[in-house]
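Work through the exercises below with the sequence and the structure in view. Try each task before reading its solution.

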Amino acid sequence: MSTDPTTRPAPPAYARDAEVHPPLDYPGYRSTALRHPKRGLRLLPHLLTEVTGPLLGEDRISENDSDLTRQHDGEPQGQRIIVHGQVRDGDGRPVPHTLVEIWQANAGGRYRHTGDNWPCPLDPNFSGVGRTLTDDQGRYRFTTIRPGAYPWRNHDNAWRPAHIHFSLFGRAFTQRLVTQMYFPGDPLFFQDPMWNSIPDEKARERLVARFDYANTAPEWALAYEWDIVLRGREATVFEDEVDED
């Protein structure tokens, strides 16, 4: 391969399905005007160190990482829920041993974050962060607290629907996808610009979990099922940047 940068072939251009994924600059979501790319994006080849490490193995997952209600000495406030599902590729095959992380607000709609200071109390027994590896069949499972809605000043009387952020890793930190899971029947969808920035209605609905009565834990936690599809016609909508909102 030539070492002369003037003769090297250009890397392939960045491709994005504009009919499914939200635009990088969406007027209704005000902060995208400040942070969206101003030039065309380019794919850069990964170097060996980016592809081979760090490894995200089972030895890095602790016992309570997937149970956000057991990470502190006391019980968190709010309704316990189980969130489970399967990670699949575009051909419907399960994706095993991939790292799934979540972060969320507490039952009152507040994050444990220095930038979140709206007048809702923090829960000393809830941090709102968890992680797990999918099993051999690509399945994941979390026990957590159903998050509350919260105001966020994007527009007049703006409230974010209840949601849980998901991050999926491949075998290295350069292989990462970020998305959000919503709850069925939320009355705040109509005014949420993140939801409405997704142009395809069916793609939007794929972000909504299904209430799963059959997998509720009796006298303990309700259950929701949400599958994540990495690519293809039924792909989950993913974000381009991690966002704390």
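The model used here is predicted.

**Exercise 1.** Find which residues Thr 216 touches, leaving out those up to four places away in sequence.

Solution. Step one: Thr 216 touches Ala 221, Leu 222 and Ala 223 under that condition. Step two: locate Thr 216, which sits in the loop between β9 (210-211) and β10 (222-225). Step three: look at the side chain of Thr 216, where a polar atom lies 2.9 Å from the backbone oxygen of Tyr 213.

**Exercise 2.** Decide whether Pro 199 is buried, partly exposed or exposed.

Solution. Step one: place Pro 199 in the loop between α3 (193-196) and α4 (201-205). Step two: read the relative accessible area of Pro 199, which is 42%. Step three: buried means under 20% and exposed means over 50%. Pro 199 is therefore partly exposed. Step four: compare sequence and space; Pro 199 and Pro 22 are 177 residues apart in sequence, but their C-alpha atoms are 6.5 Å apart.

**Exercise 3.** State the strand order of the open sheet of four strands, and explain why β3 and β8 each have one side without a neighbour in the sheet.

Solution. Step one: the order is β3-β2-β7-β8, and the pairing is antiparallel. Step two: β3 (129-133) and β8 (176-182) are at the edges with a single partner strand each, so one side of each has no neighbour in the sheet. Step three: from one strand to the next, the twist averages 20°. Step four: take the pair β2 (residues 99-103) and β7 (residues 163-169), which is antiparallel over five bridges. Leu 99 stands opposite Phe 169 in β7.

Conventions: Residues are numbered from 1 along each chain as its sequence is written. This is a predicted model: local features need pLDDT of at least 70, side-chain atom pairs count only at pLDDT 80 or more; totals for chains, interfaces and linings use all residues. Side-chain values use heavy atoms; hydrogens and water are left out. Helices (H or I, at least four residues) and strands (E, at least two) are DSSP runs, numbered from the N terminus. Buried means under 20% relative accessible area, exposed over 50%, partly exposed in between (1.4 Å probe, protein chains only). A polar contact is a pair of N or O atoms within 3.5 Å; within protein, one must be able to donate a hydrogen and the other to accept it, and residues adjacent in sequence count only if both atoms are side-chain atoms. Contact means heavy atoms within 4.5 Å. Two strands pair if DSSP finds at least two bridges between them. Axes are lines fitted to C-alpha atoms, for helices over the stretch in contact, and angles run from 0 to 180 degrees between N-to-C directions.
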